[in-house]
Amino acid sequence: MFQPDTYTTRRKELRQKVSDGIILLIGNEDSSMNYKDNHYHFRQDSSFLYFFGLDLQNLVAVIDENGQAILFGDDFTIDQIIWTGKQPSMHECGSKVGVQNTKPLRELTHYLSSKKKVHFLPPYRPEQAIKLAEWLSIPLNKVSEHKSVELIRAIVSLREIKTDEEIIEIEKAVNTTVKMHTAAIKYGKPGIKESEVVAKVHAEAIADGGNLSFPIIGTINGNTLHTYYHGNTIQDGDLFLCDSGAETSMRYAGDMTRTFPVGPKYTSRQKEIYDIVLNAHLTAIEALKPGVLFKDIHLLACKTLVDGLKQINLMQGDTEEAVANGAHTMFFQCGLGHMMGLDVHDMENLGEQYVGYTNDLTKSTEFGLKSLRLGKALKKGFVLTVEPGIYIIPDLIDLWSKTKKNEEFINYGNLQKYRDFGGIRIEDDFLITEKGYKLLGKPLARTTEEIEDLKRS
């Protein structure tokens, strides 16, 4: 937890950005897995954490019209304490984050009923929507329609710029993430299960005092962008794609990807395609600086991928035209990166159009571009990922080749020979600085030679 002044200042700035009415922020509660008292891993709402810093269940906070904060929650009963141990009182919790006014939860409904205008964020959990419907007398199916766009934009404008103390915490997460990937590369040997590698990766996150920032993607089927199956036995000749990140005890995230050979070396074909992805990765990184549209950097990476794929006769024709026609999405179907902070996809629950775009830049609906979470101009203080990839998806080859889609740019004859290739992704985390960028965390092996050396170490 940061010092109380950090949270007081954040709340003051938020209040100044939102006009009349009160600001309502709902903390998360435990969610049952398979019976009432067996809970999923608790994760506090990130906007609640940002402004109130308390990583505890069943809290609700208000910033009133005068900028005063009120914390609603209940002190633990003795029946709860015997299971959880002694917990801080609401007054003690409030003092930790600069809040003097605390009230029991039972008073919240009456308090809200006296307010003409309540700003709240779009609910992403059903229990949040149910509570809002009850507290504010809104039909349950209409709750999201009453979200406050003004509040969303205000929160995005604050959370998107990371402070020095946040960067320190994010770098802790990234450094643990480096350890996680180092463990995967060293441990991933022929004859073991994907799950055994994933277990080593998860252990590093826990050992550093935090946990995962998202479920681990650890697979020899890297052409499936987000697969969480870990049951395959890995063999010499396979590529292993590990996309994973740590979350610190303060809930700040890291997120990296490496794709490495299960055996001691990449095959010549694997190295060839890996180097195409790496070139796109490095080209995109060098373009990072304030004022540049991230969408343009994404397109630059796409063109770099096309140029490389032309060199090995998987693509052909004019590069600019190929990208304009979306031909590159046969190989690169997702976005180049996303914002990162208290969420691994930072603030995504607030809406990608508000977080990654602007009134003048609308999120695309085109295949490939519709998956680009960040498109707007970069600013000093942004933290983001860069993660180009090449993914050979047999179903997509079959679908497009039937109609000869983009055949002037895609060499389908040669591509059929790569049906069983899989996928390669490389991802690192960056801070946008005054004139450019900074790689966050300790450097992790990135070239094929560095990764092969790490496997031998």
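Hi everyone. When I say contact today, I mean heavy atoms within 4.5 Å. One caution before the tour: this is a predicted model.

Let's begin with a lysine, K455, which sits in helix α16, residues 448-456. With that meaning of contact, and setting aside neighbours within four places in sequence, K455 is in contact with I185, G188, K189, F260, P261, V262, G263 and P264. What is the nearest side chain of opposite charge to K455? That would be D236, at 8.6 Å, and K455 is buried yet has no salt bridge. The K455 side chain does reach backbone oxygens, though. A polar atom of that side chain lies 2.9 Å from the backbone oxygen of G188, and the side chain also reaches the backbone oxygen of I185 at 3.1 Å.

Now for charges that do find partners. In general, side chains of opposite charge can pair when their charged atoms come close. The structure holds 31 salt bridges, and I'll show you a few. R251 and D55 meet at 2.9 Å, N to O. Their pair links distant parts of the chain, 196 residues apart: R251 is in the loop between β11 (246-247) and β12 (256-261), while D55 is in the loop between α2 and β4 (60-63). R251 counts as buried because its relative accessibility is 9%, whereas D55, at 27%, is partly exposed. These two also belong to a network of salt bridges that links R43, D55, E247 and R251.

For a contrast, look at K36 and D37, whose side chains meet in a salt bridge at 3.8 Å, N to O. Are these two buried or exposed? K36 is exposed, with a relative accessible area of 68%, and D37 is exposed as well, at 59%. Another salt bridge joins E127 and R125, at 3.7 Å, N to O.

R43 comes up again with D343. You'll find D343 in the loop between α12 (319-324) and α13, and at 15% relative accessibility D343 counts as buried. Not counting residues up to four places away in sequence, D343 touches R43, S46, R159, A253 and N349. Take S46 from that list: D343 and S46 are 297 residues apart in sequence, yet 6.9 Å apart in space, C-alpha to C-alpha.

R159 is on that list too, and R159 is one of the buried residues of helix α7, residues 149-159. The others are L151, I152, A154, I155, V156 and L158. What do the buried residues of α7 pack against? They pack against α1 (4-17), β1 (22-26), α2 (46-52), β7 (118-119) and α13 (352-356).

On to the rings. A search of the whole structure finds 10 aromatic pairs. One of them is F2 with Y7, a tilted pair at 6.3 Å centre to centre, with 35° between the planes. F2 counts as buried at 10% relative accessibility, and Y7 is buried at 2%. Another pair, F430 and Y437, is edge-to-face: 5.8 Å centre to centre, 80° between the planes. There F430 is buried at 1%, while Y437 is partly exposed at 29%. Going back to F2 and Y7, they form one aromatic cluster together with Y252.

Last, two positive charges over ring faces. R269 lies over the face of Y418, 3.9 Å from the ring centre. K200 lies over the face of Y187, at 4.8 Å from the ring centre. That's my tour, thanks for listening!

Key: Residues are numbered from 1 along each chain as its sequence is written. This is a predicted model: local features need pLDDT of at least 70, side-chain atom pairs count only at pLDDT 80 or more; totals for chains, interfaces and linings use all residues. Side-chain values use heavy atoms; hydrogens and water are left out. Rings of Phe, Tyr and Trp (its six-membered ring) pair if their centres lie within 6.5 Å; planes under 30 degrees apart count as stacked, over 60 as edge-to-face and the rest as tilted. Buried means under 20% relative accessible area, exposed over 50%, partly exposed in between (1.4 Å probe, protein chains only). A charge sits over a ring if NZ of Lys or CZ of Arg is within 6 Å of the ring centre and within 35 degrees of the ring normal. Helices (H or I, at least four residues) and strands (E, at least two) are DSSP runs, numbered from the N terminus. Lys and Arg count as positive and Asp and Glu as negative; His and the chain ends are not counted. A salt bridge is a side-chain nitrogen of Lys or Arg within 4 Å of a carboxyl oxygen of Asp or Glu. A polar contact is a pair of N or O atoms within 3.5 Å; within protein, one must be able to donate a hydrogen and the other to accept it, and residues adjacent in sequence count only if both atoms are side-chain atoms.
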